[in-house]
Amino acid sequence: MTRPSGPSAHTPSVPVIELVRPMPGFPAAQRFALQPLDESGVLSALRSLDHADLRFLVVPPGDFHPTYAPEIDDEAAAELGLDTADDALVLLVVHAGRDLASTTVNLRAPIVVNMVTSRAAQVILDDPSLPVAAPLLG
């Protein structure tokens, strides 16, 4: 499967997201909720339902990196149960800096959510040109 996309302006509501495998460094966190943090729905928190103090800031790539088109391999697509790229929501993990200019996103390891099944995974892309700390404001 190639190039899953997702809404560029708004992150849709997903009730409970089940990770098919834990994110690196967080082996006991499997269930998350996606909660919008602004009125536009661009910035969201991926909050752990297993650990109250764990959350990741995420954004859809379209507003910040409009040409970003990650290629998800068939194994990852099967693991998520994705039959079509249209069912995939791609989210970038945000690393907040001191200000907006120093805030970065991880383009090498997006979180991909199957919008039909609510299964998700942080997918490590096999593309060395994609940085793990790209400026948010491209």
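This predicted model holds 2 aromatic pairs. Start with Phe 26 and Phe 56. Their rings sit 5.2 Å apart, centre to centre, and the planes make an angle of 85 degrees. An angle over 60 degrees counts as edge-to-face, so this pair is edge-to-face.

Where do Phe 26 and Phe 56 lie? Phe 26 is in the loop between strand E1 (17-19) and strand E2 (31-36). Phe 56 belongs to strand E4, which covers residues 55-59. The two parts are 30 residues apart in sequence, so the pair ties them together.

Now look at how much of each ring-bearing residue is accessible. Phe 26 has a relative accessibility of 32%, so it counts as partly exposed. Phe 56 has 12% and counts as buried. The cut-off for buried is under 20%.

Phe 56 also has a second partner, Phe 32. Here the centres are 6.2 Å apart and the planes differ by 45 degrees. This pair is tilted, because its angle is neither under 30 degrees nor over 60. Phe 32 lies in strand E2 and Phe 56 in strand E4, so this pair ties together parts that are 24 residues apart in sequence. Is Phe 32 buried or exposed? At 1% relative accessibility, Phe 32 counts as buried.

Put the pairs together. Phe 26, Phe 32 and Phe 56 form one aromatic cluster. Phe 56 takes part in the pair with Phe 26 and in the pair with Phe 32.

Next come the charged side chains. Side chains of opposite charge can pair when their charged atoms come close. The structure holds 2 salt bridges.

One of them joins Glu 79 to Arg 21, with 2.8 Å between the closest N and O atoms. Glu 79 is in helix H1 (residues 74-80), while Arg 21 is in the loop between E1 and E2. They are 58 residues apart, and the pair links distant parts of the chain. Glu 79 is partly exposed, at 29% relative accessibility. Arg 21 is partly exposed too, at 30%.

Asp 50 and Arg 31 also meet in a salt bridge, at 3.2 Å from N to O. Which parts of the chain does this pair link? Asp 50 lies in the loop between strand E3 (44-48) and E4, and Arg 31 lies in strand E2. The distance along the chain is 19 residues. Asp 50 has 32% relative accessibility and counts as partly exposed. Arg 31, with 33%, is partly exposed as well.

Terms used. Residues numbered from 1 in each chain as written. Predicted model: local features only at pLDDT ≥ 70, side-chain atom pairs only at ≥ 80, totals over all residues. Heavy atoms only, no water. Phe/Tyr/Trp six-rings, centres within 6.5 Å; stacked < 30°, edge-to-face > 60°. Helix = DSSP H or I, 4+ residues; strand = E, 2+ residues; numbered from the N terminus. Buried < 20%, exposed > 50% of the residue type's maximum accessible area, 1.4 Å probe, protein only. Salt bridge = Lys/Arg side-chain N within 4 Å of Asp/Glu carboxyl O.
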